[in-house]
Amino acid sequence: MTRRSCLIGFCGAPMLARAREAESLAATARAAGHLFGCAVRPDQMLADPDFAAMVMRDCAVLVPEIALNWSYLEPRPGMPNYAAMDALVAMARGRGKRLRGHVLLWHLGVPDWARERMSWKLVRGYFRRTILRYRHVVREWKVVNEAIDTGQRMDGLRENIFLSAFGPDYIARAFREARVLAPRARLLINEYGLEYASDQDRRYLFLELLKLLKRDGAPIDGVGLQSHLDLAKGPFDPAVYRRFLDQIAALGLSITITELDVKEYDYVLPAELRDRRAGEAVRAFLDTVLAHPAVRGVVTWGFSDRYSWLGVTDSDRARTPEAWQDGSSPGVNRGLPLDSDLAPTPIYHALADGFRALKRPG
Ligand code: G3I
(Lines give C-alpha, C1' and ligand atoms only; values in the text may rest on other atoms or scores of the structure.)
Protein backbone atom coordinates (compact mmCIF):
# COMPACT_ATOMS: atom_id res chain seq x y z
CA MET A 1 0.00 0.00 0.00
CA THR A 2 1.57 3.29 -1.06
CA ARG A 3 1.11 6.58 0.70
CA ARG A 4 -0.59 7.87 -2.41
CA SER A 5 -3.15 5.09 -2.69
CA CYS A 6 -3.76 5.36 1.04
CA LEU A 7 -4.43 9.06 0.83
CA ILE A 8 -6.99 8.75 -1.90
CA GLY A 9 -8.85 6.17 0.01
CA PHE A 10 -7.75 2.66 -0.88
CA CYS A 11 -6.75 2.01 2.74
CA GLY A 12 -9.76 3.73 4.30
CA ALA A 13 -10.12 7.33 5.41
CA PRO A 14 -6.87 8.90 6.51
CA MET A 15 -6.80 9.86 10.18
CA LEU A 16 -6.65 13.53 9.38
CA ALA A 17 -9.67 13.42 7.13
CA ARG A 18 -11.58 11.42 9.74
CA ALA A 19 -10.75 13.90 12.46
CA ARG A 20 -11.93 16.80 10.34
CA GLU A 21 -14.95 15.06 8.75
CA ALA A 22 -17.33 16.92 11.05
CA GLU A 23 -16.41 20.22 9.47
CA SER A 24 -16.12 19.09 5.86
CA LEU A 25 -18.34 20.64 3.20
CA ALA A 26 -19.80 17.19 2.60
CA ALA A 27 -20.82 16.87 6.24
CA THR A 28 -22.11 20.43 6.53
CA ALA A 29 -24.17 20.02 3.39
CA ARG A 30 -25.46 16.62 4.49
CA ALA A 31 -26.62 18.04 7.82
CA ALA A 32 -28.80 20.44 5.83
CA GLY A 33 -30.18 17.68 3.62
CA HIS A 34 -27.98 18.72 0.68
CA LEU A 35 -25.22 17.10 -1.30
CA PHE A 36 -21.89 18.73 -2.03
CA GLY A 37 -19.28 17.56 -4.48
CA CYS A 38 -17.01 18.51 -7.34
CA ALA A 39 -15.93 17.48 -10.81
CA VAL A 40 -12.63 15.65 -10.90
CA ARG A 41 -10.13 14.13 -13.26
CA PRO A 42 -8.82 10.83 -11.92
CA ASP A 43 -5.36 11.44 -13.43
CA GLN A 44 -5.02 14.60 -11.35
CA MET A 45 -6.22 12.80 -8.23
CA LEU A 46 -3.69 10.02 -8.73
CA ALA A 47 -0.80 12.35 -9.47
CA ASP A 48 -1.50 14.76 -6.62
CA PRO A 49 -2.27 13.06 -3.30
CA ASP A 50 -2.62 16.31 -1.35
CA PHE A 51 -5.26 17.52 -3.77
CA ALA A 52 -6.98 14.10 -3.76
CA ALA A 53 -7.11 14.10 0.04
CA MET A 54 -8.88 17.46 0.04
CA VAL A 55 -11.41 16.30 -2.54
CA MET A 56 -12.11 13.10 -0.62
CA ARG A 57 -12.48 15.02 2.60
CA ASP A 58 -14.93 17.64 1.36
CA CYS A 59 -16.92 15.99 -1.40
CA ALA A 60 -19.78 13.52 -1.14
CA VAL A 61 -20.40 13.58 -4.90
CA LEU A 62 -17.72 13.01 -7.53
CA VAL A 63 -18.40 13.88 -11.15
CA PRO A 64 -16.02 12.87 -13.93
CA GLU A 65 -14.99 16.13 -15.59
CA ILE A 66 -14.14 14.43 -18.86
CA ALA A 67 -13.89 10.66 -18.32
CA LEU A 68 -17.50 9.88 -19.30
CA ASN A 69 -17.67 12.03 -22.42
CA TRP A 70 -18.47 9.87 -25.43
CA SER A 71 -15.40 11.18 -27.30
CA TYR A 72 -13.21 10.30 -24.32
CA LEU A 73 -14.77 6.88 -23.71
CA GLU A 74 -14.87 5.81 -27.34
CA PRO A 75 -12.28 7.75 -29.32
CA ARG A 76 -12.33 4.96 -31.90
CA PRO A 77 -15.19 2.59 -32.68
CA GLY A 78 -15.06 -0.68 -30.80
CA MET A 79 -12.09 0.40 -28.65
CA PRO A 80 -13.57 1.83 -25.47
CA ASN A 81 -11.32 3.53 -22.96
CA TYR A 82 -12.76 2.94 -19.51
CA ALA A 83 -9.54 3.31 -17.50
CA ALA A 84 -10.14 6.80 -16.13
CA MET A 85 -13.76 6.20 -15.18
CA ASP A 86 -12.90 2.84 -13.64
CA ALA A 87 -10.19 4.57 -11.59
CA LEU A 88 -12.78 7.05 -10.32
CA VAL A 89 -15.14 4.22 -9.43
CA ALA A 90 -12.32 2.60 -7.45
CA MET A 91 -11.69 5.84 -5.56
CA ALA A 92 -15.36 6.26 -4.70
CA ARG A 93 -15.92 2.65 -3.68
CA GLY A 94 -16.17 2.04 0.04
CA ARG A 95 -15.95 5.74 0.80
CA GLY A 96 -19.66 6.48 0.57
CA LYS A 97 -19.13 8.75 -2.43
CA ARG A 98 -21.84 9.20 -5.02
CA LEU A 99 -20.92 9.30 -8.69
CA ARG A 100 -22.89 11.44 -11.10
CA GLY A 101 -22.66 10.58 -14.79
CA HIS A 102 -21.50 13.52 -16.91
CA VAL A 103 -22.57 13.44 -19.72
CA LEU A 104 -24.45 11.31 -22.25
CA LEU A 105 -25.51 13.58 -25.13
CA TRP A 106 -23.39 16.70 -25.57
CA HIS A 107 -22.67 18.17 -28.98
CA LEU A 108 -19.07 18.92 -27.91
CA GLY A 109 -18.51 15.38 -26.68
CA VAL A 110 -19.14 13.35 -29.82
CA PRO A 111 -16.22 11.37 -31.28
CA ASP A 112 -15.38 12.23 -34.89
CA TRP A 113 -16.15 8.73 -36.15
CA ALA A 114 -19.68 8.89 -34.71
CA ARG A 115 -20.22 12.42 -35.98
CA GLU A 116 -19.47 11.23 -39.49
CA ARG A 117 -22.11 8.50 -39.46
CA MET A 118 -24.55 9.49 -36.75
CA SER A 119 -27.54 7.18 -36.28
CA TRP A 120 -29.83 6.32 -33.38
CA LYS A 121 -28.35 2.85 -33.40
CA LEU A 122 -24.98 4.40 -32.54
CA VAL A 123 -26.49 6.49 -29.74
CA ARG A 124 -28.33 3.49 -28.36
CA GLY A 125 -25.20 1.34 -28.41
CA TYR A 126 -23.17 3.97 -26.60
CA PHE A 127 -25.92 4.50 -23.99
CA ARG A 128 -26.16 0.76 -23.49
CA ARG A 129 -22.43 0.17 -23.06
CA THR A 130 -21.94 3.16 -20.78
CA ILE A 131 -25.03 3.07 -18.60
CA LEU A 132 -24.96 -0.68 -18.10
CA ARG A 133 -21.25 -0.78 -17.29
CA TYR A 134 -21.68 1.76 -14.50
CA ARG A 135 -25.24 1.04 -13.42
CA HIS A 136 -24.22 -0.23 -9.99
CA VAL A 137 -22.31 2.92 -9.10
CA VAL A 138 -23.76 5.77 -11.15
CA ARG A 139 -27.28 6.45 -9.91
CA GLU A 140 -27.71 9.81 -11.56
CA TRP A 141 -27.09 10.79 -15.19
CA LYS A 142 -26.94 14.07 -17.03
CA VAL A 143 -28.62 12.79 -20.14
CA VAL A 144 -28.60 15.88 -22.36
CA ASN A 145 -26.27 18.85 -22.01
CA GLU A 146 -26.52 22.35 -23.50
CA ALA A 147 -29.47 21.73 -25.80
CA ILE A 148 -30.63 25.33 -26.19
CA ASP A 149 -29.20 28.43 -27.76
CA THR A 150 -30.49 31.85 -28.63
CA GLY A 151 -30.65 33.32 -32.11
CA GLN A 152 -30.92 30.00 -33.91
CA ARG A 153 -34.46 28.60 -34.05
CA MET A 154 -37.90 29.62 -32.86
CA ASP A 155 -38.03 26.67 -30.47
CA GLY A 156 -34.66 27.63 -29.00
CA LEU A 157 -33.03 24.31 -29.74
CA ARG A 158 -29.34 24.46 -30.54
CA GLU A 159 -28.44 23.55 -34.11
CA ASN A 160 -26.27 20.54 -33.39
CA ILE A 161 -25.42 17.09 -34.68
CA PHE A 162 -28.32 15.47 -32.81
CA LEU A 163 -30.91 17.94 -34.02
CA SER A 164 -29.85 17.55 -37.62
CA ALA A 165 -29.70 13.75 -37.41
CA PHE A 166 -32.88 13.09 -35.39
CA GLY A 167 -34.99 16.26 -35.29
CA PRO A 168 -36.30 18.10 -32.19
CA ASP A 169 -37.52 14.89 -30.58
CA TYR A 170 -33.97 13.72 -29.87
CA ILE A 171 -34.03 15.04 -26.29
CA ALA A 172 -37.17 13.18 -25.17
CA ARG A 173 -35.92 10.15 -27.05
CA ALA A 174 -32.59 10.22 -25.20
CA PHE A 175 -34.39 10.34 -21.86
CA ARG A 176 -36.60 7.39 -22.82
CA GLU A 177 -33.57 5.42 -23.93
CA ALA A 178 -31.74 6.16 -20.69
CA ARG A 179 -34.81 5.29 -18.59
CA VAL A 180 -35.06 1.82 -20.09
CA LEU A 181 -31.42 1.14 -19.22
CA ALA A 182 -31.49 2.82 -15.83
CA PRO A 183 -35.02 2.43 -14.46
CA ARG A 184 -34.18 3.78 -11.01
CA ALA A 185 -31.54 6.38 -11.84
CA ARG A 186 -32.19 10.10 -11.60
CA LEU A 187 -32.13 11.60 -15.07
CA LEU A 188 -31.16 15.24 -15.50
CA ILE A 189 -31.06 17.80 -18.27
CA ASN A 190 -28.14 20.21 -17.87
CA GLU A 191 -27.79 23.78 -19.11
CA TYR A 192 -25.53 26.83 -18.78
CA GLY A 193 -25.88 30.62 -19.04
CA LEU A 194 -29.04 31.15 -17.00
CA GLU A 195 -27.94 33.15 -13.96
CA TYR A 196 -27.82 36.80 -14.92
CA ALA A 197 -30.44 39.39 -15.78
CA SER A 198 -28.96 39.42 -19.30
CA ASP A 199 -29.67 35.67 -19.62
CA GLN A 200 -33.40 36.30 -19.81
CA ASP A 201 -33.86 34.82 -23.29
CA ARG A 202 -31.97 31.66 -22.38
CA ARG A 203 -34.10 31.20 -19.26
CA TYR A 204 -37.25 31.59 -21.33
CA LEU A 205 -36.14 29.07 -23.96
CA PHE A 206 -35.00 26.58 -21.35
CA LEU A 207 -38.32 26.75 -19.51
CA GLU A 208 -40.21 26.29 -22.78
CA LEU A 209 -38.12 23.21 -23.49
CA LEU A 210 -38.79 21.80 -20.02
CA LYS A 211 -42.54 22.34 -20.44
CA LEU A 212 -42.46 20.58 -23.78
CA LEU A 213 -40.53 17.62 -22.34
CA LYS A 214 -42.99 17.30 -19.48
CA ARG A 215 -45.94 17.55 -21.88
CA ASP A 216 -44.37 14.77 -23.99
CA GLY A 217 -44.02 12.62 -20.89
CA ALA A 218 -40.24 12.45 -21.16
CA PRO A 219 -38.88 10.60 -18.10
CA ILE A 220 -36.90 13.48 -16.68
CA ASP A 221 -36.34 13.90 -12.93
CA GLY A 222 -34.45 17.09 -12.60
CA VAL A 223 -32.56 20.00 -13.95
CA GLY A 224 -28.85 20.64 -13.67
CA LEU A 225 -27.94 24.32 -13.66
CA GLN A 226 -24.26 24.63 -14.51
CA SER A 227 -23.81 28.03 -12.81
CA HIS A 228 -20.48 29.15 -14.20
CA LEU A 229 -20.60 32.57 -12.57
CA ASP A 230 -18.90 35.35 -14.50
CA LEU A 231 -17.80 38.61 -12.91
CA ALA A 232 -17.94 40.30 -16.32
CA LYS A 233 -21.65 39.59 -16.51
CA GLY A 234 -24.37 40.78 -14.26
CA PRO A 235 -26.17 41.83 -12.34
CA PHE A 236 -27.39 38.76 -10.49
CA ASP A 237 -30.97 39.52 -9.49
CA PRO A 238 -32.14 37.27 -6.63
CA ALA A 239 -35.83 37.90 -7.28
CA VAL A 240 -35.53 37.02 -10.97
CA TYR A 241 -33.53 33.90 -10.22
CA ARG A 242 -35.88 32.76 -7.44
CA ARG A 243 -38.76 33.05 -9.86
CA PHE A 244 -36.84 30.97 -12.40
CA LEU A 245 -36.23 28.26 -9.77
CA ASP A 246 -39.92 28.42 -8.82
CA GLN A 247 -40.91 27.88 -12.44
CA ILE A 248 -38.69 24.82 -12.72
CA ALA A 249 -40.00 23.43 -9.45
CA ALA A 250 -43.59 24.00 -10.57
CA LEU A 251 -42.95 21.47 -13.32
CA GLY A 252 -42.20 18.86 -10.69
CA LEU A 253 -38.46 18.89 -11.37
CA SER A 254 -35.67 18.95 -8.80
CA ILE A 255 -32.74 21.31 -9.19
CA THR A 256 -29.04 20.66 -8.80
CA ILE A 257 -26.23 23.17 -9.19
CA THR A 258 -23.88 21.13 -11.32
CA GLU A 259 -20.81 23.17 -12.35
CA LEU A 260 -20.37 26.11 -9.99
CA ASP A 261 -17.26 28.25 -10.37
CA VAL A 262 -16.35 31.90 -10.95
CA LYS A 263 -14.67 33.45 -13.96
CA GLU A 264 -12.91 36.59 -12.78
CA TYR A 265 -12.73 39.85 -14.69
CA ASP A 266 -10.39 42.21 -12.86
CA TYR A 267 -7.04 40.45 -12.55
CA VAL A 268 -5.20 43.65 -11.60
CA LEU A 269 -6.53 43.78 -8.06
CA PRO A 270 -4.59 42.22 -5.18
CA ALA A 271 -5.34 38.52 -4.74
CA GLU A 272 -7.16 39.14 -1.48
CA LEU A 273 -9.61 41.51 -3.10
CA ARG A 274 -10.06 39.25 -6.10
CA ASP A 275 -10.89 36.39 -3.74
CA ARG A 276 -13.34 38.54 -1.86
CA ARG A 277 -15.18 39.46 -5.06
CA ALA A 278 -15.43 35.86 -6.21
CA GLY A 279 -16.60 34.81 -2.75
CA GLU A 280 -19.25 37.51 -2.66
CA ALA A 281 -20.59 36.42 -6.04
CA VAL A 282 -20.94 32.85 -4.79
CA ARG A 283 -22.44 33.98 -1.50
CA ALA A 284 -25.12 36.06 -3.24
CA PHE A 285 -25.90 33.20 -5.61
CA LEU A 286 -26.09 30.60 -2.84
CA ASP A 287 -28.27 32.82 -0.66
CA THR A 288 -30.95 32.50 -3.29
CA VAL A 289 -30.27 28.96 -4.42
CA LEU A 290 -29.78 27.03 -1.19
CA ALA A 291 -32.91 28.49 0.37
CA HIS A 292 -35.02 27.10 -2.46
CA PRO A 293 -36.84 23.88 -1.52
CA ALA A 294 -36.32 22.25 -4.94
CA VAL A 295 -32.52 22.52 -4.77
CA ARG A 296 -30.77 19.30 -3.76
CA GLY A 297 -27.14 20.20 -3.80
CA VAL A 298 -24.11 21.86 -5.30
CA VAL A 299 -21.21 20.57 -7.35
CA THR A 300 -18.26 22.81 -8.21
CA TRP A 301 -16.50 22.36 -11.54
CA GLY A 302 -13.15 21.38 -10.13
CA PHE A 303 -12.09 21.95 -6.55
CA SER A 304 -8.80 23.85 -6.68
CA ASP A 305 -7.59 26.66 -8.93
CA ARG A 306 -4.58 24.41 -9.49
CA TYR A 307 -6.67 22.44 -11.98
CA SER A 308 -9.45 24.77 -13.06
CA TRP A 309 -10.64 24.63 -16.66
CA LEU A 310 -11.02 28.40 -16.25
CA GLY A 311 -7.64 29.65 -17.30
CA VAL A 312 -6.76 33.22 -17.92
CA THR A 313 -7.35 33.80 -21.61
CA ASP A 314 -5.36 35.74 -24.18
CA SER A 315 -8.04 38.38 -24.21
CA ASP A 316 -7.78 38.69 -20.40
CA ARG A 317 -4.03 39.25 -20.80
CA ALA A 318 -4.50 41.76 -23.58
CA ARG A 319 -7.10 43.60 -21.51
CA THR A 320 -5.00 43.70 -18.34
CA PRO A 321 -1.30 43.51 -19.26
CA GLU A 322 -0.45 45.03 -15.86
CA ALA A 323 -2.02 42.13 -13.95
CA TRP A 324 -0.05 39.81 -11.67
CA GLN A 325 2.60 42.48 -10.98
CA ASP A 326 2.51 41.53 -7.30
CA GLY A 327 3.44 37.96 -8.19
CA SER A 328 0.21 36.45 -6.86
CA SER A 329 -1.10 33.44 -8.73
CA PRO A 330 0.33 34.47 -12.09
CA GLY A 331 -2.00 33.49 -14.89
CA VAL A 332 -4.44 31.74 -12.61
CA ASN A 333 -8.17 32.37 -12.39
CA ARG A 334 -9.20 32.31 -8.73
CA GLY A 335 -12.68 30.84 -8.85
CA LEU A 336 -12.93 27.62 -6.85
CA PRO A 337 -13.19 26.56 -3.18
CA LEU A 338 -9.43 26.00 -2.87
CA ASP A 339 -6.70 28.18 -4.34
CA SER A 340 -3.64 26.84 -6.13
CA ASP A 341 -1.95 26.14 -2.79
CA LEU A 342 -5.00 24.13 -1.68
CA ALA A 343 -5.95 26.78 0.87
CA PRO A 344 -9.67 27.47 1.31
CA THR A 345 -10.88 30.60 -0.47
CA PRO A 346 -13.86 32.82 0.34
CA ILE A 347 -15.80 30.58 -2.06
CA TYR A 348 -15.17 27.65 0.29
CA HIS A 349 -16.43 29.71 3.22
CA ALA A 350 -19.47 30.90 1.27
CA LEU A 351 -20.39 27.26 0.66
CA ALA A 352 -19.80 26.25 4.27
CA ASP A 353 -21.77 29.21 5.63
CA GLY A 354 -24.55 28.66 3.10
CA PHE A 355 -25.06 25.04 4.13
CA ARG A 356 -24.67 25.84 7.81
CA ALA A 357 -27.35 28.53 7.61
CA LEU A 358 -29.91 26.00 6.46
CA LYS A 359 -32.04 24.19 8.94
CA ARG A 360 -31.70 20.46 9.23
CA PRO A 361 -34.67 18.99 7.36
CA GLY A 362 -37.38 18.10 9.81
O1 G3I B 1 -5.70 15.46 -22.49
C2 G3I B 1 -5.59 16.03 -23.80
C3 G3I B 1 -4.15 16.18 -24.18
O4 G3I B 1 -3.56 14.92 -24.29
C5 G3I B 1 -4.06 16.94 -25.51
O6 G3I B 1 -2.73 17.18 -25.82
C7 G3I B 1 -4.80 18.27 -25.41
C8 G3I B 1 -4.81 19.00 -26.74
O9 G3I B 1 -5.96 19.84 -26.86
O10 G3I B 1 -6.12 18.01 -25.05
C11 G3I B 1 -6.25 17.38 -23.78
O12 G3I B 1 -7.61 17.18 -23.56
C13 G3I B 1 -8.35 18.32 -23.18
C14 G3I B 1 -9.04 17.98 -21.88
O15 G3I B 1 -9.93 19.01 -21.50
C16 G3I B 1 -8.04 17.77 -20.75
O17 G3I B 1 -7.33 18.94 -20.54
C18 G3I B 1 -9.38 18.60 -24.24
O19 G3I B 1 -8.72 19.05 -25.42
C20 G3I B 1 -10.31 19.66 -23.74
O21 G3I B 1 -11.36 19.81 -24.71
C22 G3I B 1 -10.94 19.22 -22.43
O23 G3I B 1 -11.74 20.28 -21.98
C24 G3I B 1 -12.84 19.95 -21.14
C25 G3I B 1 -14.12 20.37 -21.85
O26 G3I B 1 -15.23 20.23 -20.99
C27 G3I B 1 -14.38 19.48 -23.06
O28 G3I B 1 -14.49 18.13 -22.68
C29 G3I B 1 -12.67 20.70 -19.85
O30 G3I B 1 -11.56 20.17 -19.14
C31 G3I B 1 -13.95 20.53 -19.02
O32 G3I B 1 -13.84 21.28 -17.83
C33 G3I B 1 -15.11 21.02 -19.84
O34 G3I B 1 -16.27 20.89 -19.07
C35 G3I B 1 -17.45 21.49 -19.59
C36 G3I B 1 -18.60 20.56 -19.27
O37 G3I B 1 -18.34 19.29 -19.82
C38 G3I B 1 -19.91 21.13 -19.79
N39 G3I B 1 -20.13 22.46 -19.29
C40 G3I B 1 -19.06 23.41 -19.55
C41 G3I B 1 -17.74 22.85 -18.98
C42 G3I B 1 -16.62 23.83 -19.19
O43 G3I B 1 -16.33 24.00 -20.55
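A residue counts as buried when its relative accessible area is under 20%, and as exposed when that area is over 50%; anything in between is partly exposed. The exercises below apply this and a few other cut-offs to a predicted model.

**Exercise 1. Is Leu342 buried or exposed, and where does the residue lie?**

Solution. Step one is to locate the residue: Leu342 belongs to the loop between α15 and α16. Step two is to compare its accessibility with the cut-off: the value is 11%, under 20%, so Leu342 counts as buried. Step three concerns the backbone: Leu342 is not a glycine, yet its phi is positive, at about 70 degrees.

**Exercise 2. Classify Ser304 and Asp221 as buried, partly exposed or exposed.**

Solution. Begin with Ser304, which is placed in the loop between β9 (295-300) and α15 (314-319). Its relative accessible area is 0%, so Ser304 is buried. The side chain of Ser304 also reaches the backbone oxygen of Asp339, at 3.0 Å.

Turn next to Asp221, found in the loop between α12 (200-215) and β6 (222-225). Because its relative accessible area is 25%, Asp221 is partly exposed. Asp221 and Glu140 stand 81 residues apart in sequence, with 9.7 Å between their C-alpha atoms in space.

**Exercise 3. How many residues of helix α5 are buried, and which are they?**

Solution. Helix α5 covers residues 49-58, and nine of its 10 residues are buried, so that the helix is mostly covered. The buried residues are Pro49, Phe51, Ala52, Ala53, Met54, Val55, Met56, Arg57 and Asp58.

**Exercise 4. Determine the geometry of two aromatic pairs, Phe36 with Phe355 and Phe162 with Tyr170.**

Solution. The whole structure holds 13 aromatic pairs. In one of them, Phe36 and Phe355, the centres are 6.2 Å apart and the planes meet at 65 degrees; the pair is edge-to-face. This pair joins distant parts of the chain, with Phe36 in strand β1 (residues 35-40) and Phe355 in helix α16 (residues 346-356), 319 residues apart. Both Phe36 and Phe355 are buried.

For Phe162 and Tyr170, the ring centres lie 5.6 Å apart and the planes are at 35 degrees. That angle is neither under 30 nor over 60 degrees, so the pair is tilted. Phe162 has a relative accessible area of 1% and is therefore buried. Tyr170, at 2%, is buried as well.

**Exercise 5. Which residues form an aromatic cluster, and which rings have an arginine over them?**

Solution. One aromatic cluster is formed by Trp70, Trp113, Tyr126 and Phe127. As for the arginines, Arg173 lies over the face of Trp120, 4.3 Å from the ring centre. The charged end of Arg319 is placed over the ring of Tyr265, at 3.8 Å from its centre.

**Exercise 6. Describe the surroundings of the ligand.**

Solution. First, count the shell: 13 residues surround the ligand, and the closest are Arg41, Glu65, His102, Glu259 and Trp301. Second, sort them by type: four are nonpolar, five polar and four charged.

Third, list polar contacts, for which N or O atoms must be within 3.5 Å. A polar side-chain atom of His102 is 2.7 Å from an oxygen atom of the ligand. A side-chain N or O atom of Trp301 lies 2.9 Å from an oxygen atom of the ligand. In the side chain of Glu146, an N or O atom is 3.1 Å from a nitrogen atom of the ligand.

Fourth, consider the area: the ligand taken alone exposes 790 Å², and the protein buries 48% of that.

**Exercise 7. Where is Glu146 found, and what is its phi near?**

Solution. Glu146 is located in the loop between β4 (138-145) and α10 (161-166). Its phi is near 60 degrees, a positive value in a residue other than glycine. At 9% relative accessibility Glu146 is under the 20% cut-off, so the residue counts as buried.

**Exercise 8. What is omega near in the cis peptide bonds from His102 to Val103 and from Gly234 to Pro235?**

Solution. In the bond from His102 to Val103, which is cis, omega is near 10 degrees. Val103 is part of strand β3 (residues 98-106). In the bond from Gly234 to Pro235, also cis, omega is near 0 degrees. Pro235 lies in the loop between β7 (228-230) and α13 (238-250).

Key
Residues numbered from 1 in each chain as written. Predicted model: local features only at pLDDT ≥ 70, side-chain atom pairs only at ≥ 80, totals over all residues. Heavy atoms only, no water. Phe/Tyr/Trp six-rings, centres within 6.5 Å; stacked < 30°, edge-to-face > 60°. Helix = DSSP H or I, 4+ residues; strand = E, 2+ residues; numbered from the N terminus. Buried < 20%, exposed > 50% of the residue type's maximum accessible area, 1.4 Å probe, protein only. Lys NZ or Arg CZ within 6 Å of the ring centre and 35° of its normal. Near = heavy atom within 4 Å. Polar contact = N/O pair within 3.5 Å; in protein donor to acceptor, adjacent residues only side chain to side chain. Areas by Shrake-Rupley, 256 points an atom, 1.4 Å probe, with all protein chains shown as cover. Nonpolar A, V, L, I, M, F, W, Y, C, P; charged D, E, K, R; others polar.
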